[in-house]
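Good morning, and thank you for coming. I would ask you to look at the structure on the screen while I speak.

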Amino acid sequence: MNAHITNTIKLAEFSSVVFFVGAGMSAESGVPTYRGAGGIWTQYRYQDFACQRAFDADPQGVLDFHEVRREAVLTCKPHAGHYALAKLQAAHPRLHVITQNIDGMLQRAGVHVDAELHGSLWRMRCAKHGIREDAATGQFSTRRCPDCDAWLRPDITWFEDAVNEDVFTKAGELIATAELFISVGTSAAVYPAANFIPLARRAGARMIEINPERTEASTLFERCYALPASEALTTLFV
């Protein structure tokens, strides 16, 4: 792995660029991760808080749990890497961002996210009446659908849920046409999202990985930078 940056990469030289962002990006801001050492799912059972079965059995308890997650995220602030990505995107209209994160940290820094693969903590969903934004505070603005009074659930891909096919299709199309693919802070261990890394390689994109630790997919990248996102994104790209 290249631990140090030796030259900058000019994004203008590529007709399409995709940044594929994972939990490591947010972890630098203090957002709790979901997997790995100290992750949320080492402390709680997802069967109690993060699947449709749990929600059906105890909607109030599940929503209480997710309000705690929202409040924890609001105590964190975007770091220099988030703002650097927003600046790069403003300068390069063909720069697309796909994220596995549900915390909204990228958007708070001004990044336009093209695909949130696993949904968002800041939206709610009614089975009959669809999605509504809910980004004001840690507490949900309402827990009941104003149209039918059914319980609203977070618009998140929980365990045992099917992925949002429209979102994954859009992400796949962007990646399949990217000339440069940059993976930032992702463990490459969460499927089916991790399948996008070999897709980018098969499509012929130049491949760059930014992660302090080696991942399961590191061998698929041409260049790997053992750096935190806050350092790499502020110094590697122009």
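I shall go through the sheets, the helices that pack on them, the nonpolar cores, one tryptophan and the salt bridges.

Please keep in mind from the outset that this is a predicted model.

Let us begin with the sheets. There is an open sheet of six strands, paired in parallel, and the order across it is β3-β2-β1-β7-β8-β9. At its edges are β3, residues 115–116, and β9, residues 223–225, each of which pairs on one side only. Within this sheet I would point to β7, residues 180–184, and β8, residues 206–210: these two strands run parallel and are joined by five bridges. As an example of such a bridge, S183 has E209 in β8 as its partner.

Two helices pack on this sheet. Helix α6, residues 80–91, touches β1, residues 17–21, and β2, residues 95–99. The direction of α6 makes about 140 degrees with that of β2. Helix α8, residues 165–176, touches β1, β2, β3 and β7, and its direction also makes about 140 degrees with that of β2.

We now turn to another open sheet, which has three strands in the order β5-β4-β6, with antiparallel pairing. Here β5 and β6 are the edge strands, each pairing on one side only. From one strand to the next, the twist averages 50 degrees. Four bridges hold the antiparallel pairing of β4 and β6, and S120 has D155 in β6 as its bridge partner. I ask you to remember D155, for we shall return to this residue.

Helix α5 lies across β4 and β6, running at about 145 degrees to β4. Does the length of α5 agree or disagree with what its number of residues leads us to expect? The helix has 16 residues, and at 1.5 Å a residue it should span 22 Å; the C-alpha atoms at its ends are 22 Å apart, so the two values agree. Several residues of α5 are buried, including V62, H66 and R70.

Next, the nonpolar cores. A general remark may help: in soluble globular proteins, nonpolar side chains tend to be buried together. In this model the largest nonpolar core has 28 residues, and the members that touch the most others are F19, L85, L233 and F237. Which elements each supply at least two residues of this core? They are β1, α6, β2, β7, β8 and α10, the last of these being residues 229–235. Helix α6 gives the most, with four residues. To see one of the members in its surroundings, consider F237: beyond its neighbours in sequence, F237 touches I9, L11, F19, L88, I182, I208, I210 and A232. Another core, of 21 residues, lies apart from the largest one, and F20, I98, A188 and F196 are among its members.

I should now like to consider W158, which is placed in the loop between β6 and α8. Is W158 buried or exposed? Its relative accessibility is 5%, and the cut-off for buried is under 20%, so W158 counts as buried. Not counting residues up to four places away in sequence, W158 touches F49, A50, C51, Q52, F55, V62, H66 and R153. Two of these contacts, V62 and H66, are also listed among the buried residues of α5.

Finally, the salt bridges. How many does a search of the whole structure find? It finds 10. One of them joins R70 to D134, with the closest N and O atoms 3.4 Å apart. R70 belongs to helix α5, residues 59–74, whereas D134 lies in the loop between β5 and β6, so this pair ties together parts that are 64 residues apart in sequence. Both R70 and D134 are buried.

R123 forms a salt bridge with E116, at 2.7 Å from N to O, and both residues are buried. R123 also forms a salt bridge with D155, the closest N and O atoms being 2.9 Å apart. This pair links distant parts of the chain, since R123 is in strand β4, residues 119–126, and D155 is in strand β6, 32 residues apart. Both R123 and D155 are buried as well. Together, E116, R123, R125 and D155 are linked in a network of salt bridges.

D155 thus appears in two settings: as the bridge partner of S120, and in the salt-bridge network. Thank you for your attention.

Terms used. Residues numbered from 1 in each chain as written. Predicted model: local features only at pLDDT ≥ 70, side-chain atom pairs only at ≥ 80, totals over all residues. Heavy atoms only, no water. Salt bridge = Lys/Arg side-chain N within 4 Å of Asp/Glu carboxyl O. Buried < 20%, exposed > 50% of the residue type's maximum accessible area, 1.4 Å probe, protein only. Pairing = 2+ DSSP bridges. Contact = heavy atoms within 4.5 Å. Axes fitted to C-alpha atoms, helices over the stretch in contact; angles between N-to-C directions. Expected span 1.5 Å × (residues − 1). Core = buried A, V, L, I, M, F, W, Y, C linked by side-chain atoms within 4.5 Å.
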